Protein chains: 2
Amino acid sequence: MPTTHTDALSQRLADSGLRATPQRELVYNVLLGKRDHPTADEVYARVRAELPTISLATVYNCLETLVQCSLVRAVNFERGPTRYCPNLHPHAHFHDENTGETYDVDLPPTILADIKAILPSGYDAKSVEVIFRGQAHRTAEVAAGE
Amino acid sequence: MPTTHTDALSQRLADSGLRATPQRELVYNVLLGKRDHPTADEVYARVRAELPTISLATVYNCLETLVQCSLVRAVNFERGPTRYCPNLHPHAHFHDENTGETYDVDLPPTILADIKAILPSGYDAKSVEVIFRGQAHRTAEVAAGE
DNA sequence: GTGAGATTTAGAACTATTCCAAATAGAACT
DNA sequence: AGTTCTATTTGGAATAGTTCTAAATCTCAC
């Protein structure tokens, strides 16, 4: 895990007047380390491997903090636990109904404008979320490119 | 509430080998009567005005049944209770971050194909969900047209 | 080093939902 | 009309996920 990420974290936190704690760094690194949209519980399990004394409440706190700083995106489709995804470029989510897994799909810049264009006047969208549901027949090739 | 809706309900239920009960009809009519994406609790409150002996568990059962029959759509953005929306033509949801209200936005037929076109090969989407977040400055005119 | 404020922690509390087992209601058949 | 069989409803208990709370701990600025 390169220091650059951790530095970006400190920076963002400082911008909001918050401190870079070991817990926050670890939670963030765990999210960066395996981008499979884990739940808070899953993050908790992964973080405890390195810092066994951390509490679940702290994991929730850290995740919330990261979301506040726009370093992480909270994702909610279907009732069930919130999932977390470290925020890079704009992307949609593809939810495989067979496996339950969620994949990121890059959004070409033009499509976002196209989608926003359907809004009638009076609606001012700050963000757009796109969720696909269906089946993914992913090749090994595709998975390797992630 | 015209009989046509109730008939459509009986039909759909029968197709799935289910019965058209007073509770199911009432829950469905409540959803049709006020399309403000109510939670199960809100549906419960509205239904009880007419059938005070209904139980919350039944409301959950009925909503689940209606979702199974594709007469109603369950909507989940942000952690919090599931909301229900009687399913007409394809539409996006606009979530006003100030008021917390959710509005339906019609999706022009072409945009769905455009959005699906961004999927790499190997992804087969059965449905697409679009959620906007921002502020709605709705005029009385717009609201009247619903 | 001390004080002030931020952060973490464990556990209690809360909310939304599902589960369960018993009671009820219908439809089909006699 | 009565019986049977199954679907449905019901209230309450149980569960899952998250938030709250108050005390302990850390860290920075002085």
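## Internal cavity

In this predicted model, the structure holds one cavity of 30 Å³ or more, and the volume of the largest cavity comes to about 30 Å³. The residues that line this largest cavity are A:Arg35, A:His37, A:Cys85, A:Pro86 and A:Asp104. Sorted by class, its lining consists of two nonpolar residues, one polar residue and two charged residues.

## Fold and surface of chain A

Chain A contains six helices and five strands, and, read from the N terminus on, its elements follow the order α-α-α-α-β-β-β-β-α-β-α. Four helices thus precede four strands in this order, after which come a helix, a strand and a final helix. Along the principal axes, the C-alpha trace of chain A has a span of about 45 × 40 × 30 Å.

Of the 146 residues in chain A, 40% are buried, a class that requires under 20% relative accessible area. Among the contacts in chain A with a separation of 6 or more, 44% are made by residues that lie 24 or more positions apart. The area that chain A exposes is about 7,800 Å², and 50% of this area is supplied by carbon and sulfur atoms.

## Relation between the two chains

Two copies of a chain are related by a rotation about an axis and a shift along it. Here, a turn of 180° with a shift of 0.0 Å along the axis lays chain A on chain B with an RMSD of 0.1 Å, which is the relation of a two-fold axis. The residue of chain A that comes closest to the rotation axis is A:Val130, whose C-alpha lies at 2.4 Å.

The interface can be described in the same terms, residue by residue: 100% of the interface residues of chain A are also interface residues in chain B, and the copies therefore meet through the same surface.

## A loop glycine in chain B

In chain B, the loop between strand 3 (91–96) and strand 4 (102–106) includes B:Gly100. With a relative accessibility of 40%, B:Gly100 counts as partly exposed, because that class covers values between the limit for buried residues, under 20%, and the limit for exposed residues, over 50%.

B:Gly100 can also be placed with respect to B:Gln135: these two residues are 35 residues apart in sequence, while the distance between them in space is 9.7 Å, taken from C-alpha to C-alpha.

Key: Residues are numbered from 1 along each chain as its sequence is written. Chains are lettered from A and ligands numbered from 1 in the order in which they are written. This is a predicted model: local features need pLDDT of at least 70, side-chain atom pairs count only at pLDDT 80 or more; totals for chains, interfaces and linings use all residues. Side-chain values use heavy atoms; hydrogens and water are left out. On a 1 Å grid over the protein atoms alone, a cavity is a set of points where a 1.4 Å probe fits but cannot get out, and a pocket is an open set with protein on both sides within 12 Å along at least five of seven lines; lining residues have an atom within 4 Å of a point. Grid points are joined across faces, edges and corners, and a volume is the space filled by probe spheres set on the points. Ala, Val, Leu, Ile, Met, Phe, Trp, Tyr, Cys and Pro count as nonpolar, Asp, Glu, Lys and Arg as charged, and the others, Gly among them, as polar. Helices (H or I, at least four residues) and strands (E, at least two) are DSSP runs, numbered from the N terminus. Buried means under 20% relative accessible area, exposed over 50%, partly exposed in between (1.4 Å probe, protein chains only). Contact means heavy atoms within 4.5 Å. Accessible areas come from the Shrake-Rupley method with a 1.4 Å probe; for residues, only the protein chains shown count as cover. Copies are superposed by least squares on the C-alpha atoms of residues with pLDDT of at least 70 in both.
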